[in-house]
Amino acid sequence: ATVIANTKQSPQTAQKIQRKPMTNNKTYKELLEEADRLAYIGDFEESYASYRKAAELEPKEMLPYIKIGELAFSQKNYALALEHFELAQAQYPLNTDIKIKIVRSLIGMRKILAAKTKLEDIKPATQSTLYYQGLIMAFFNDQAGAKDTLKKSMEAGNDEKLRQNAQKIL
């Protein structure tokens with residue numbers, strides 16, 4: 001769209017200034033819904049853009065950062081996932097689920113010691129923390145510790161996927 005800069009001039013002689021087309025004034029909720037829909041159909045670039053707009057609209061909300069992190073993680077972009085999970089954690093520093101997402105990103109980036117340190121900060125132990133502690137012990141060839149911790153993780157919660165993954169490792 002063009003805008004006429006000086007209305008005293010005729011439209012033919014006025015200098016034309018380019019402006020960006022107006023964006024839809026979508027609400028935070030609409031942006032999240034749109035981003036979810038776009039991610040579902042596999043349009044990850046546009047989904048990311050909608051999540052970013054939602055984050056800009058409500059910078060103190062953790063959900064857009066978590067969604068971007070999960071989207072990046074699913075694309076194996078662990079550094080971007082970590083960045084956004086840390087932004088979410090800045091809003092909710094005690095949220096264990098976000099801490100686990102950070103641990104998973106660190107493991108994906110092969111920053112095993114950093115993941116181990118992050119896990120040690122999570123109290124009390126949960127099924128997820130025990131599972132990832134066992135995974136890290138296995139990585140460092142502490143087979144006895146890994147076996148014991150993975151067994152504990154199988155008994156500590158009801159996440160069937162974690163239970164199955166622990167069983168596979170054992």
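Tutor: Contact means heavy atoms within 4.5 Å. This is a predicted model, where local features need pLDDT of at least 70 and side-chain atom pairs count only at pLDDT 80 or more, while totals for chains, interfaces and linings use all residues. Residues are numbered from 1 along each chain as its sequence is written, and side-chain values use heavy atoms, with hydrogens and water left out.

Student: Okay, which residues does Ser-47 touch, not counting residues up to four places away in sequence?

Tutor: Start with its place: Ser-47 lies in helix α2. Helices (H or I, at least four residues) and strands (E, at least two) are DSSP runs, numbered from the N terminus. Leave out anything up to four places away in sequence, and Ser-47 touches Ala-35, Leu-38, Ala-39 and Leu-71.

Student: Is Ser-47 buried or exposed?

Tutor: Buried means under 20% relative accessible area, exposed over 50%, partly exposed in between (1.4 Å probe, protein chains only). Ser-47 has 0% relative accessibility, so it counts as buried.

Student: And Glu-56, buried or exposed?

Tutor: Glu-56 also has its place in helix α2, residues 44-57. Its relative accessibility is 57%, so Glu-56 counts as exposed.

Student: How far apart in space are the C-alpha atoms of Glu-56 and Tyr-28?

Tutor: Sequence separates these two by 28 residues. In space, C-alpha to C-alpha, the distance is 9.2 Å.

Student: What span should helix α5 have, at 1.5 Å a residue?

Tutor: The expected span is 1.5 Å times one less than the number of residues. Helix α5 covers residues 96-108, 13 residues in total, and its end C-alpha atoms sit 18 Å apart. That agrees with the expected value, which is 18 Å.

Student: Which helices do the buried residues of α5 pack against?

Tutor: Of the 13 residues of α5, 10 are buried, so the helix is largely enclosed by the rest of the structure. Among them are Ile-98, Ile-102 and Leu-106. The packing partners of the buried set are α3 (63-74), α4 (78-91), α6 (112-120) and α7 (127-139).

Student: Which residue caps the N-terminal end of α5?

Tutor: Look for a side-chain oxygen 2.9 Å from the backbone nitrogen of Asp-97. The residue that supplies this oxygen, and so the cap, is Asn-95.

Student: What about just after α5, which residue takes a positive phi?

Tutor: Check the backbone just after the helix for a phi of about 65 degrees. The residue there is Arg-110.

Student: Zooming out, what pattern does the protein chain follow?

Tutor: The chain has 9 helices and 2 strands. Read along the sequence, the pattern is β-β-α-α-α-α-α-α-α-α-α.

Technical notes
A polar contact is a pair of N or O atoms within 3.5 Å; within protein, one must be able to donate a hydrogen and the other to accept it, and residues adjacent in sequence count only if both atoms are side-chain atoms.
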